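Subject: Handing over the structure

Hello,

Here is the structure I promised you, together with some notes to help you find your way around. Have a look at it first, and then read on.

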Amino acid sequence: MGEPERRVAALLMRASTVQQAEYVLFADAAEFDPDELVRELQVRQRAFAADGQAKAAALVDFYVSLVRELRPALLAAVARRHEEPDDTWQATERQASELLKQGRLDAAHDLVRAALRSVRTGSYANGRFLGIQVLIAKAMHAAGRSRGALEILDSLELGPASGRGDVAVDAMLRARLHQLRGGMYQAEAQYERARSEYASALELLQQVGSVDEELTIRLELADAQLAAGRSRDAVREYRRVLTRAESKGVAGEPLARVLNRLGEAYRKAGDAAAARSCHRRALELTDDAEVDEPRTLRAAEAWVGLGDLAADAGNGSEAAEAYFQALTKSMTVNRDATAHGMHLVASRVGRLAVPDADLLFRTAQIFRDMFSDPERYWSHHLPFRLAEAAQQGAGGDIDGSIAALRTLRGECLRRPSELKIGMEIDDRLAQALLVRGSRADRQGAFDLAWQRRSELLRSIAHRAHRANGDVPSLVVQYRASYELLVRSLLDHGREIEIPAEDRPGTAAEQDEAVELAFNLHEEYKAWVDMTLNPAGTLSTPATLHGLRDCLAADPDAENCAYVSYFCGTNATTIFVLHADTGRVTFFRTELTEATVKRTAERLRRVFDGDAGAFPPLPPLPARRPWRRGLDFFDQLAPDLLAFLPAVGRRELLCIAAEPTLTALPLSALPLPAAVDHARGNAQVLAQRHAVVQVSSATALLRTAGRPSAPGSGGVFVAGVAAREDADADRLERDIDFIAPGRSDAGTSEASGPAATRETVLAGLGAARVAHLTGHGWYDRIEPLDSGLFLAHDGQRPSKYPLTVEIRTRLRHLLTARHVLDAGLGMELLTLRACSTARRDLHSTGDIQGLAQLLQSSGARTVVGTLWDVDDDSSRRLFEDFYRRRAEEPQAPWKALWLAQRSMLEDPVVPWESHPYHWAALALFGHWRSR
């Protein structure tokens, strides 16, 4: 008995399924003697029996019988693998391996590709050459050449499995190829294809039964969600992996790896407390790791995660300390692990203030020579080289910084590299050119961004034949390019040379630049919104020309202004289009997207509370709303309302707000010039202007172009109180003020136990106007499961959803998922329930609030709530809204505006003048009914 037999016996003892045991035997069949393996297993079986370990002894006895049963098949597999004489393929294999070690990847690939033509598909030699091609592809991927790696993997041809056991080996090989392709498609921002590859790998692994392999691929599937910006989906996937890992008894380094990934997903999903808990638990699992253990890398990842959380909170010194801890933990004997850890730390340099950043960078540089192979570790060196270029620029050597970045860009183009690598280099180079500031530099920066935008459009066109969920995630990665294009056109429009085929064609040169800037920012918003046409494919983004025509034809044109926000990393641009004149102006403020997002999250906690905080924060007391100040919200007013001088006396503002802004009650912003500090009162936006929200010009034009609702469609009202509600009529009698003449055959109602999901969906589909009342639910983990609680099987829902089993909760919910394909055709839909217009602020893609999904599903106008509303004030507000709408049915915007002003200026009870009560309602879609 030799070392091969002992190694295989040990692998068998770790196998979790018969399929995995068969895979172990056939994968190593050429390395051991079956009879010697049986003797090795028998020795172990006797030792276990003598030690009283009956279960282990029985398991080994089973493996003995399995090896004896498979002996003929194992010997046949070995014979097949040695069919070809050594001189026909082994010399070529050795030469290709040597080229691979030297980093001459293309030469190795050419050699193997030529050799494959002379060997039989399915032979052992063919398998060895395929294995080398996989190694070449992996090396290309590590060097930033994902496209070349994908070309190799896509060209591989695997022969059919030739016998028992080979099926398991074949399944594992195919699973690993799918896994590799998934990672490379992910690097190319083809997230749907990546997820498909991972799913195929998981299906194949069922034939092998390898828990470790399964967990690894499930982690990568979750990674694809995180890379796509779908942080909520990523949290869900990582939690599934964590649950499965714990159920299988996984501990130590593998469990710490899962926890760190889950922590990163929580951080990007806006849940800092959960993220911190995950990283600290990972540190506990790695606390006693020796310097040469893989666990040290997981400890480094945990410290990086804690540093990111500190940096997010603006605590630079705490972040620097955490990153330094990560740096020391990165030092292992495994070069690849060290390179990964160093990459993580070096890429965080830009998050720190200059002194801390410089010290961290200089310390990390000391260890860079540990992975000096420029081909193998090119992508790992990238953060260092980018940091060096940034330091040159910060030190005043702009020319040196630009030269270094151009060198990096040239290397990137020769590879070709992953999308994110190329984007980061181009963005840094463009910014450096703008800093240097000559006319040629500004044109060069514009050209770089324009080239990136052109690449994006080609990629979208390639995917546009179907409703591709990758598009929003892909577009977000180009945000910096769009920001630079808009900024360049607005600041230097007369100097910038625009490609002739893309010139808007307006008369004045400056106006042409402004129009193109407007078109570009709306193009970005439309792609992120991913508006679909009725055929289910991507709609062409609207232009200023089309928007002008649409607004000019509206009856409210003389009274309307279109206001569109473009919140960026360093500034916010606000465009204003006058509906009657078609004139467009713009404003620039220093407000950043991050600031708006933080304010929206803080405002949510003020109004709705935070049960997960310590100590828990209860919801705002409806009768004492002034107990929590809104000064932090008021501070946004000068920047968010910088456009007011351009709108004059126009009462109606159609605001194209970004997702972060839709969470804010813009109508409650104080007018900067109207603040009277002496008396302590101030006018707010709602006292001068009505606010209607749309996601983009593309969405507005699509809504305006929809056919009218059926003339026979009537009014549908549904209301469901919870079983804990003392007075069900407060939620189930809204029909009394919506349709007092309900004897009219055009009015229908479903209330109480009769208001089921099926009944309500049917009523919505046939109505021209609909109103839903009840208890709303916003699911932070799975926003598409947010919605409105309805009756089910004769039972009212509970108003405390967290106390109800999840399947029961879902049976009572009309969720966002249910309305995606509802095909609504109504003119007006109102929702009197909690948080029906709330949407996720942290994930990219089609995750929206219930109100927005109802609007995009076909409702022309939707009125929803931005937070958890008070029953009394919301009923009074809606009652006033419907009373005023009856006087002018085609202007729901005016009815809502006047109702809000009335509650603000002449409340029934004093506390209802607070924004918590009157500003919760928001109108989405078109402002007029037909």
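Which strands does helix α26 lie across, and at about what angle does it run to β2? Helix α26, made of residues 544–552, lies across β1 (560–567), β2 (572–578) and β3. Its direction is at about 45° to that of β2. Before you go further, please keep in mind that this is a predicted model.

**The sheet of 11 strands**

The three strands under α26 are a good way into the main topic of this email. β1, β2 and β3 are part of an open sheet of 11 strands with mixed pairing. To trace the sheet on your screen, follow the order β3-β2-β1-β4-β7-β16-β15-β14-β10-β8-β9. At its two edges you will find β3 (584–589) and β9 (747–751), each of which pairs on one side only. On average, neighbouring strands in this sheet are turned by 20° against each other, with direction ignored.

At the β9 edge, the partner is strand β8, which covers residues 715–719. β8 and β9 pair in the parallel sense, and five bridges link them. If you want a pair of residues to click on, V715 has T747 in β9 as its bridge partner.

Further inside the order comes strand β15, residues 861–865, and I would suggest spending a moment there. Is β15 buried or exposed? Five of its five residues are buried, so β15 is largely enclosed by the rest of the structure. In general, side chains in a regular strand alternate between the two faces of the sheet. In β15, T861, V863 and T865 are on one side, while V862 and G864 are on the other, and both faces are covered.

β15 also shows you both kinds of pairing. Strand β14 (residues 828–832) runs parallel to β15 and is joined to it by three bridges. There, L828 stands opposite T861 of β15. Strand β16 (residues 921–925) runs antiparallel to β15, with five bridges between them. In that pair, G864 stands opposite A922 of β16.

**A sheet of three strands**

There is also an open sheet of three strands, in the order β11-β12-β13, and its pairing is antiparallel. The edges are β11 (776–777) and β13 (813–815), each pairing on one side only. β11 is joined by two bridges to strand β12, residues 787–789. G776 has L788 in β12 as its bridge partner.

After β12, look for D793, which sits in the loop between β12 and α36 (806–811). What is unusual to note about its backbone? D793 has a positive phi of about 55°, although it is not a glycine. With a relative accessibility of 65%, D793 counts as exposed.

**Two helix pairs**

Now to the helices. Helix α12 (residues 231–247) packs with helix α13 (residues 252–268) at an angle of about 160°, and their axes are 9 Å apart. That angle is why α12 counts as roughly antiparallel to α13. Their crossing is left-handed. On the α12 side, the residues in contact include Y238, V241 and L242, and on the α13 side they include L255, V258 and L262. By class, this contact has 12 nonpolar, one polar and four charged residues.

The other pair is helix α21 (residues 419–436) with helix α22 (residues 439–463), packed at an angle of about 160° with axes 8 Å apart. α21 is therefore roughly antiparallel to α22. α21 passes α22 in a left-handed crossing. Among the residues making the contact are M423, D426 and L429 of α21, along with R442, A445 and L448 of α22. Here the classes come to eight nonpolar, two polar and five charged residues.

**A contact between distant parts of the sequence**

One last place to visit is W626, in the loop between α27 (593–608) and α28 (631–634). How many residues separate W626 and H914 in sequence, and how far apart are they in space? They are 288 residues apart in sequence, and their C-alpha atoms are 7.5 Å apart. Leaving aside neighbours within four places in sequence, W626 is in contact with P910, W911, S913 and H914.

Enjoy exploring, and write back whenever you like.

Best wishes

Key. Residues numbered from 1 in each chain as written. Predicted model: local features only at pLDDT ≥ 70, side-chain atom pairs only at ≥ 80, totals over all residues. Heavy atoms only, no water. Axes fitted to C-alpha atoms, helices over the stretch in contact; angles between N-to-C directions. Helix = DSSP H or I, 4+ residues; strand = E, 2+ residues; numbered from the N terminus. Parallel < 35°, antiparallel > 145°, perpendicular 65-115°, else oblique. Left-handed = near helix turned anticlockwise from the far one by under 90°. Contact = heavy atoms within 4.5 Å. Nonpolar A, V, L, I, M, F, W, Y, C, P; charged D, E, K, R; others polar. Pairing = 2+ DSSP bridges. Buried < 20%, exposed > 50% of the residue type's maximum accessible area, 1.4 Å probe, protein only.
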